[in-house]
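Here is a short briefing on one structure. Look at the ligand first, then at the cysteines.

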Amino acid sequence: MVKPDGVQRGLTGEIIQRFEKRGYKMVGCKMVWPSKELLEKHYADLSGQPFFAGLIAFMATGPVVAMVWEGKEIIKMGRMMLGATNPQESAPGTLRGDYSIDVTRNIIHGSDGVDIAKKEIGLWFKPEEMFDYKSCLKEMVYE
Ligand code: GTP
Ligand code: MG
């Protein structure tokens, strides 16, 4: 998910391109201005953290771009492409390492496990907003 800072800074296209160019398949994508209720569900596991209220407040300041990407090891590889949570520890070449400095405004969120991804997809997408379609990636990216 491109966070409000990523959207407002015009980084959505670059973020999508990184995943597309790597060879991942976009199967869902939409702009949403999330309610605090939705964000509280999305970040429920962090509700005990001191930064929780600030994170929710920031995430509700504007639209985000929610996306679903598919492909081999997408969660592990996707999180590598995002870089460390704190941009001051994210390697150059990662999205956060190239485009952010402070931790709340780290431009992008990524699901950190298959079960979490399923939960998050259910929160953000209706079944009809996801697409199962044929692409050339199966032949041209994978061995
Ligand atoms: P996400 O892909 O955003 O979920 O990042 P993550 O899985 O690497 O981190 P985590 O789920 O622990 O935290 C979610 C978000 O909360 C992060 O992306 C940060 O924006 C924010 N966050 C995490 N840790 C801190 C912290 O120590 N301080 C502050 N201010 N924000 C934090
Ligand atoms: Mg997380």
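The shell around ligand 1 is mixed: 5 residues are nonpolar, 5 are polar and 3 are charged. This is a predicted model. Ligand 1 sits in the second largest pocket.

**The shell around the ligand**
- There are 13 residues around ligand 1.
- Those that come nearest are Lys-3, Thr-85, Val-103, Asn-106 and Gly-110.

**Polar contacts and cover**
- The side chain of Thr-85 has an N or O atom 2.3 Å from an oxygen atom of ligand 1.
- For Lys-3, an N or O atom of the side chain is 2.9 Å from an oxygen atom of the ligand.
- Arg-79 also takes part, with a polar side-chain atom 3.0 Å from an oxygen atom of ligand 1.
- On its own, ligand 1 has 590 Å² of accessible area, and the protein covers 76% of that.

**Cysteines and disulfides**
- How many disulfides does a search of the whole structure find? The search finds 0.
- A disulfide is a covalent bond that joins the sulfur atoms of two cysteines.
- Why does Cys-29 form no such bond? The closest cysteine sulfur to its own is in Cys-136, and that is 19 Å away, so the two are too far apart for a bond.
- The cut-off for a disulfide is 2.5 Å between the sulfur atoms.
- Cys-136 is in a matching position, because its closest cysteine sulfur is in Cys-29, 19 Å away and too far for a bond.
- Is Cys-29 buried or partly exposed? Its relative accessibility is 38%, so Cys-29 counts as partly exposed.

Conventions. Residues numbered from 1 in each chain as written. Chains lettered and ligands numbered in written order. Predicted model: local features only at pLDDT ≥ 70, side-chain atom pairs only at ≥ 80, totals over all residues. Heavy atoms only, no water. Near = heavy atom within 4 Å. Polar contact = N/O pair within 3.5 Å; in protein donor to acceptor, adjacent residues only side chain to side chain. Areas by Shrake-Rupley, 256 points an atom, 1.4 Å probe, with all protein chains shown as cover. 1 Å grid on protein atoms, 1.4 Å probe; cavity = no way out; pocket = protein on both sides within 12 Å on 5 of 7 lines; lining within 4 Å. Sits in = over half its atoms within 2 Å of the grid points. Nonpolar A, V, L, I, M, F, W, Y, C, P; charged D, E, K, R; others polar. Buried < 20%, exposed > 50% of the residue type's maximum accessible area, 1.4 Å probe, protein only.
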